Amino acid sequence: MELKTLQFTVTNTTSGHKIGTLQIARPEALNALNKNVLQDLKLLLHDLETKRELRALVITGSGEKAFVAGADIKEMEGMSPALAREMAHSGQALFQRIEDLPFPVVAAINGFALGGGLELALACDFMFASTTAKWGLPEVTLGLIPGYGGTQRLARLLGRALAKRIALSGEIFNAQQGYEWGLFAHVCEPAQLMALAMKQAEILADRAPLALSWVKEAINHGGDKTMSEGLKLEAELFARTFETKDRLEGVQSFIAKRRPNFQGH
Ligand code: CAA
């Protein structure tokens, strides 16, 4: 698989699990998501979904300035409404596949995370940010609205009042603000960002993989349901863990006072 706009590497953790690092690599355009990046992301996702060998993934941007500065504005200049609809549908589907990956995904925000860049991070499970992070949904300053899930995911994550404050103002916020609003799980110096995000990924890689995928499913999909439907989904997934060998391993290792070794089945 040849990826022109992404750098993807797989490393083994000390426990022997595989974690991936994905860098959006278009630094000359602050990693803006043009057609080539989106095409490469599709290829990579297909590979990750079919091989199913990763236990966690960290996504970041190349260079020191940006995570991702948004969808590519230059590609949108002559776009018709029909093409814009297609662009939004296809970007949304792609980010949905990232949200639905069966392992945890950590966004490491190393600079600008604007528009489609923030929307990419919102499809991840949580965000670590460097003190240089600058984030927001500036689409309204271009006469646009977010098109890759920003209005929906941000409102679900932070609530409608904050989502409106962010998306209606088009303001660019700093890392501290993101931390105070609960968007960023952790803020650190730029030099520490990747090490801390990888350490988090390594901890996640030691957890029971099927349990992680079902926590994601319960939270991501339960939130769209009524409380009683969400609880039903949770009970169903809870029961499913009792069909796994990892559930037995988890309980037995607790009783035997040893570290569990989860195999993902
Ligand atoms: N699309 C295309 N090119 C972009 C870009 C984008 N989103 N963001 C930055 N670039 C390019 C710039 O055009 C510039 O290229 P040239 O050197 O060829 O001119 C290069 O990256 C460096 O950018 P700047 O010179 O502008 O860097 P700066 O430090 O002065 O400013 C910035 C940084 C504030 C992030 C500014 O680049 C900026 O405002 N970018 C656009 C941010 C934005 O509005 N994003 C939302 C896009 S719309 C969207 O995402 C829709 C959606 O939801 C699907």
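Of the 265 residues in this protein, 45% count as buried. Keep in mind that you're looking at a predicted model, and that every number below is computed from it. The accessible surface comes to about 14000 Å², with carbon and sulfur atoms supplying 56% of that area.

Now the overall fold. The chain forms ten helices and ten strands. Its radius of gyration is 19 Å, close to the 18 Å that the globule rule gives for 265 residues, so the protein is as compact as a globular protein of that length. If you lay the C-alpha trace along its principal axes, the spans are about 60 × 40 × 35 Å. Contacts tell you something about how the chain is put together: taking those with a separation of 6 or more, 69% are between residues 24 or more positions apart. As for charge, there are 29 positive and 29 negative side chains, and the centres of the two sets lie 3 Å apart.

Let's start the walk in strand β2, which is where you'll find L22. L22 has a relative accessibility of 3%, so it counts as buried, the cut-off being 20%. What does L22 touch once its neighbours within four places in sequence are left aside? There's a group early in the chain, L6, Q7 and F8. Then come L41 and L44, and helix α1 covers 35–51, so those two leucines fall inside the α1 range. The rest of the contacts are L57, V58, I59 and T60, and strand β3 runs 54–61. For a longer view across the model, try Q200: L22 and Q200 are 178 residues apart in sequence, with their C-alpha atoms 15 Å apart in space.

Carry on past β2 and you enter the loop that joins β2 (18–24) to α1 (35–51), where L30 sits. Have a look at the backbone here, as phi of L30 is near 50°, a positive value in a residue other than glycine. L30 is partly exposed, with a relative accessible area of 25%. R52 makes a good companion to look at, since its phi is also positive and near 50°, again in a residue other than glycine. R52 belongs to the loop between α1 and β3. With a relative accessible area of 56%, R52 is exposed.

After β3 comes the loop leading to β4, and S62 lies in it. Is S62 buried or exposed? At 9% relative accessibility, S62 counts as buried. Its contacts, not counting residues up to four places away in sequence, are Q23, I24, A25, R26, P27 and N31. Q23 and I24 fall in the β2 range of 18–24, so S62 reaches both that strand and residues that follow it.

One loop further on, between β4 (66–68) and α2 (81–99), there's K74. At 75% relative accessibility, K74 counts as exposed. It's worth pairing K74 with N34: 40 residues separate them in sequence, while their C-alpha atoms are 8.8 Å apart in space.

Next, jump ahead to helix α4, residues 150–158, which contains G150. G150 is buried, with a relative accessible area of 1%. Which residues does G150 touch, not counting those up to four places away in sequence? They are E119, L122, L137 and A155. A155 falls within the α4 range too. In the other listing for this glycine, G150 and A163 are 13 residues apart in sequence and 8.7 Å apart in space, C-alpha to C-alpha.

Finally, the cysteines. How many disulfides does the structure hold? Zero. C124 is in no disulfide, and the nearest cysteine sulfur, that of C188, is 16 Å away. A disulfide needs two cysteine sulfur atoms within 2.5 Å, so a 16 Å gap rules this pair out. Looking from the other side, C188 is in no disulfide either, its nearest cysteine sulfur being that of C124. C124 counts as buried at 8% relative accessibility, and C188 counts as buried at 5%.

Definitions and conventions:
Residues are numbered from 1 along each chain as its sequence is written. This is a predicted model: local features need pLDDT of at least 70, side-chain atom pairs count only at pLDDT 80 or more; totals for chains, interfaces and linings use all residues. Side-chain values use heavy atoms; hydrogens and water are left out. Buried means under 20% relative accessible area, exposed over 50%, partly exposed in between (1.4 Å probe, protein chains only). Helices (H or I, at least four residues) and strands (E, at least two) are DSSP runs, numbered from the N terminus. The radius of gyration is taken over C-alpha atoms; the globule rule is 2.2 Å times the number of residues to the power 0.38. Contact means heavy atoms within 4.5 Å. Accessible areas come from the Shrake-Rupley method with a 1.4 Å probe; for residues, only the protein chains shown count as cover. Lys and Arg count as positive and Asp and Glu as negative; His and the chain ends are not counted. The place of a charge is taken as NZ of Lys, CZ of Arg, CG of Asp or CD of Glu.
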